[in-house]
Amino acid sequence: MSSATSPDVVIDAFIAEIHPYFDYVLAATAFSACLFTLLIVLFAFSTKESRRRLVFRLNVLAICIALTMGIFVSVAGGKAMMDPFDQVSRSVYIASIVFGIFPPVLYDSILLTRVFALYPISTTPATTPLKIFAFPLCVKCARVVVVAIGFNNYVSSELTTASLEEAAASAWYRNPEMIAEWGMQIADNLYSVSIFLYNLRIRTSSVTRAGGVAERIRQIFFISLANFVFPLIFNIAQIIFITTDRSPTTGVLLLMINNYTTVVGVLCATLWFSGSEWRNGSRYWWEEWE
């Protein structure tokens with residue numbers, strides 16, 4: 001004798017099924033709204049001169065990429081909630097993954113532009129930047145290769161969106177490529193912040209008593225340190241969850257939030273404290289990185 005399934009059981013199962021997508025859409029919407037507001041403020045308070053600077057354009061590009069990730073995640077997650085039996089196309093689902101795992105390499109690369117404030121191209125021997133950038137360049141190339149291998153292994157074996165989602169848990173749990181990527185990201189960021197802060201201290205030791213320069217240097221120091229600490233915390237948390245939790249929900253949320261906070265941190269580290277120099281027309285040495 002067959003028994004009818006309880007409505008409560010069906011509802012609970014449906015809620016459990018769409019709950020991860022709700023979390024993804026909620027996080028993407030909230031952080032994307034913050035970034036969009038920040039983008040408007042960035043253009044509103046910038047000058048024509050500042051908008052021509054490379055680092056300004058790179059930061060705008062980073063914000064646009066993060067916003068694009070939010071759009072793809074919201075579309076894929078919203079479709080999965082509203083119509084679970086007719087999800088988005090495979091290309092849209094893959095695009096949401098691409099914009100989540102590849103851009104962190106670009107975000108971290110933008111931070112290296114700060115080094116040019118300490119080593120202006122016009123006055124620095126050609127061998128010096130080569131020595132400084134050799135390690136981070138090699139690490140970033142390795143990160144791209146590792147992420148590309150892991151991405152290809154995941155998407156090449158599945159032909160539909162449904163099959164990709166079914167394989168997500170097994171592909172996520174203890175994924176060696178993602179663990180290697182986050183480990184190299186920690187080393188990459190540690191090197192970048194170390195080389196910048198060390199040279200900042202060495203090259204500004206003789207000017208720290210001049211007016212408000214000391215306070216500005218302290219601000220740059222703390223924002224640079226925070227820009228390393230927060231991604232470090234997220235990277236460690238991601239490694240912990242990918243090695244202990246078979247469900248990718250929490251890990252994917254951490255990955256998304258890490259992307260958004262990294263974009264904001266990069267913006268602060270490269271542009272935030274240069275605003276007064278743009279407005280006042282000062283000629284401090286750090287103006288070079290703008």
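Visitor: By class, how many nonpolar, polar and charged residues does the lining of the second largest cavity have?
Guide: Keep in mind that we're looking at a predicted model. The names to sort are L111, R114, N189, S192, V193, S224, N227 and F228, which line this second largest cavity. Leu, Val and Phe count as nonpolar and Arg counts as charged, while Asn and Ser fall among the polar ones. Sorted that way, the lining has three nonpolar, four polar and one charged residues.

Visitor: Which elements each supply at least two residues of that lining, in the second largest cavity?
Guide: The space in question has a volume of about 40 Å³. Two helices each bring at least two residues to its lining: α9 and α10.

Visitor: How many cavities of 30 Å³ or more does the structure hold?
Guide: The largest cavity has about 70 Å³ of space, and the second largest has about 40 Å³. Both values pass the 30 Å³ mark, and the count for the structure is two.

Visitor: Which residues are the closest to the centre of the largest cavity?
Guide: Start with the helices: α4, α5 (103-111), α9, α10 (213-244) and α11 each give two or more residues to this lining. By class, the lining splits into six nonpolar, seven polar and one charged. It takes 14 residues to line the largest cavity, and the closest to its centre are P104, W182, Q185, L255 and N259.

Visitor: Now for the pocket: which element gives the most to the lining of the largest pocket?
Guide: The largest pocket holds about 840 Å³ of space. Its lining has 33 residues, with Y93, I97, Y154, A168 and V252 lying nearest the centre. The helices that give two or more residues are α1, α3, α4 (90-101), α7 (127-155), α8 (161-172), α9 (176-204) and α11 (249-270). With six residues, the one that gives the most is α8.

Visitor: And by class, how many charged residues does the lining of the largest pocket have?
Guide: Asp, Glu, Lys and Arg are the ones that count as charged. The lining has 23 nonpolar and eight polar residues, and its charged residues number two.

Visitor: Is α1 roughly parallel or antiparallel to α3?
Guide: Helix α1 (residues 7-44) and helix α3 (residues 54-82) pack with their axes 8 Å apart, at an angle of about 155°. Angles over 145 degrees count as roughly antiparallel. That's why α1 is described, relative to α3, as roughly antiparallel.

Visitor: How many charged residues are in the contact of α1 with α3?
Guide: These are the two helices that pass each other in a left-handed crossing. Their contact residues divide into 20 nonpolar and six polar, and the number of charged ones is zero: no charged.

Visitor: How are α5 and α11 arranged, roughly parallel or antiparallel?
Guide: Their axes come within 9 Å and cross at roughly 15°, and α5 passes α11 in a left-handed crossing. Since angles under 35 degrees count as roughly parallel, the two helices are therefore roughly parallel.

Visitor: Which kind of aromatic pair do F31 and Y260 form?
Guide: The whole structure has seven aromatic pairs. In this one, the ring centres are 5.3 Å apart and the planes are 10° apart. Planes under 30 degrees apart count as stacked, so the F31 and Y260 pair is stacked.

Visitor: How many residues apart in sequence are the parts that the pair of F31 and Y260 ties together?
Guide: Look at where each partner sits: F31 is in helix α1, and Y260 is in helix α11. The pair therefore ties together parts whose separation in sequence is 229 residues.

Visitor: One last stop: where does R174 lie?
Guide: R174 has a phi near 55°, a positive value in a residue other than glycine. As for its place in the chain, R174 is in the loop between α8 and α9.

Note on methods:
Residues numbered from 1 in each chain as written. Predicted model: local features only at pLDDT ≥ 70, side-chain atom pairs only at ≥ 80, totals over all residues. Heavy atoms only, no water. Axes fitted to C-alpha atoms, helices over the stretch in contact; angles between N-to-C directions. Helix = DSSP H or I, 4+ residues; strand = E, 2+ residues; numbered from the N terminus. Parallel < 35°, antiparallel > 145°, perpendicular 65-115°, else oblique. Left-handed = near helix turned anticlockwise from the far one by under 90°. 1 Å grid on protein atoms, 1.4 Å probe; cavity = no way out; pocket = protein on both sides within 12 Å on 5 of 7 lines; lining within 4 Å. Points joined across faces, edges and corners; volume = space filled by probe spheres on them. Phe/Tyr/Trp six-rings, centres within 6.5 Å; stacked < 30°, edge-to-face > 60°.
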